[in-house]
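Hi everyone, thanks for coming. Today I'd like to walk you through a structure that may be new to you, so please have a look at it while I talk.

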Amino acid sequence: MSVFERYLSLWIALAMAAGIAIGSFAPGLVQAIAAAEVANVNLVVAVLIWAMVYPMMVGVDPGSLRDVVKQPKGLAITLVVNWLIKPFTMAALGVLFFEYVFADLIAPADAQQYIAGLILLGAAPCTAMVFVWSHLTKGDENYTLLQVSVNDIVMVFAFAPIVAFLLGVTDISVPWQTLVLSVVLFVALPLAAGVWTRNRLGSAERIEAFRDRVKPWGVVGLIATVVILFGLQGQVILDRPMVIALIAVPILIQSYGIFAVAYTAAFALRVPHRIAAPCALIGTSNFFELAVAVAISLFGLNSGAALATVVGVLVEVPVMLSLVAFANRTRGSFAERSEQSPEDVRA
């Protein structure tokens, strides 16, 4: 591991500070970046995420995809955590903190808005960034692609009913443009580019050498993404620090709690680490483009619900990096796993 990668958390912290500073002292630049948006997906951030996802997609072997379905445990954990646990625990934590713990600090009307935003976050598990987290934990590229693909299919059918049930709103308009555009930008196109690259390179040695060359650019993309995200919300952070901190509390508890549930289940079920780490991280991370878009459409751009989803964006990267570090430190505990790798299955 290079010095740059070893101190990644430090660079992220500096990127967060740089983003807030840019948002304060160069608002024109931030506004220009914010304006580059299609269907609530920021195109500048999209390019950077694409750069982060692409190196992992180069590692996806299309010939191995048919074998990953023979390892159902990791996928089962992902689906149970994402759709049967996460939305409901996030709603419960929102009610607990904003109707009871923080009741004296937040106006009741604002509290309901923040709860709504948390529910939207909880019902929108990650699509794009999970490829980055999987890559940083040396996850199985083929299995991660399967998990994300199945999760996206479930999201199409389950997101609106779950949100409608938890919010008590009967008319949920899912922003299909955001959902479809995100899947195309962050899954389909990088996968196609990765397959094309593998075919051009040919041998496994050349593929691995190419991935080693492009890997640093993925880390650069991550840091640049953090700068932009915090730049876009820098003024909000400075104007309402206490509210940001209060909203972050249930999000932090939820994030670490969901990871603990999924990671422990994977360990108990003897899931290999290359599958266990991504399956725990996919539920912890959020599809914030979708959550923000729905919050704005339901409650308005300046609503408390929209603010809560934005806090989810700000909290996510530091939290996920800490969980990536934990997963990497505990890899040895998963050393003796009985579930076969795709190579073992083919053999």
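I'll start with confidence, then go on to a salt bridge, the aromatic residues and one helix.

First, please keep in mind that this is a predicted model. How confident is the predictor? Averaged over the protein chain, the pLDDT is 82, and 88% of the residues score at least 70. Broken down by element, helix α13 has the highest mean pLDDT, 94, while α17 has the lowest, at 43. Around there, the stretch to treat with care is residues 338-347, where the pLDDT is below 50. In the model, that stretch has 21 contacts beyond near neighbours in sequence.

Now to the charged residues. How many salt bridges does the structure hold? There is one. It is formed by arginine 274 and aspartate 140, with 3.5 Å between the closest N and O atoms. Please find both ends on your screen: arginine 274 is in helix α14, residues 273-284, and aspartate 140 is in the loop between α8 and α9. The two partners are 134 residues apart in sequence, so this pair ties together separate parts of the chain. Are the two ends buried or exposed? Arginine 274 has 23% relative accessibility, so it counts as partly exposed. Aspartate 140 has 8%, so it counts as buried. The cut-off that decides this is 20%: anything under it is called buried.

Next, the aromatic rings. A search of the whole structure gives 10 aromatic pairs, and I'd like to show you two of them. One is phenylalanine 98 with phenylalanine 102, an edge-to-face pair with 5.7 Å from centre to centre and 70° between the planes. Phenylalanine 98 is buried, at 2% relative accessibility, and phenylalanine 102 is buried too, at 9%.

The other pair is phenylalanine 267 with phenylalanine 334, again edge-to-face, with centres 5.3 Å apart and planes at 80°. Where do these two sit in the chain? Phenylalanine 267 belongs to helix α13, residues 241-268, and phenylalanine 334 to the loop between α16 and α17. They are 67 residues apart, and the pair links distant parts of the chain. Phenylalanine 267 is partly exposed, with a relative accessible area of 38%, whereas phenylalanine 334 is buried, at 5%. Both also belong to one aromatic cluster, together with Phe259, Tyr263 and Phe326.

Finally, let's go back to α8, the helix just before the loop that holds aspartate 140. Seven of the eight residues in α8 are buried, so you can think of this helix as mostly covered. Among them are Met129, Phe131 and Trp133. After the helix comes lysine 138, which has a positive phi, near 60°.

My example from this helix is valine 130. Its relative accessible area is 1%, which means that it counts as buried. Which residues does valine 130 touch? Leaving out residues up to four places away in sequence, valine 130 touches Thr144, Val148, Pro278, Leu281 and Ile282. One more distance to look at: the C-alpha atoms of valine 130 and methionine 320 are 9.4 Å apart, although their positions lie 190 residues apart along the chain.

That's my tour, and I'm happy to go back to any of these places on the screen.

How values were computed:
Residues are numbered from 1 along each chain as its sequence is written. This is a predicted model: local features need pLDDT of at least 70, side-chain atom pairs count only at pLDDT 80 or more; totals for chains, interfaces and linings use all residues. Side-chain values use heavy atoms; hydrogens and water are left out. A salt bridge is a side-chain nitrogen of Lys or Arg within 4 Å of a carboxyl oxygen of Asp or Glu. Helices (H or I, at least four residues) and strands (E, at least two) are DSSP runs, numbered from the N terminus. Buried means under 20% relative accessible area, exposed over 50%, partly exposed in between (1.4 Å probe, protein chains only). Rings of Phe, Tyr and Trp (its six-membered ring) pair if their centres lie within 6.5 Å; planes under 30 degrees apart count as stacked, over 60 as edge-to-face and the rest as tilted. pLDDT is the predictor's confidence in each residue, from 0 to 100. Contact means heavy atoms within 4.5 Å.
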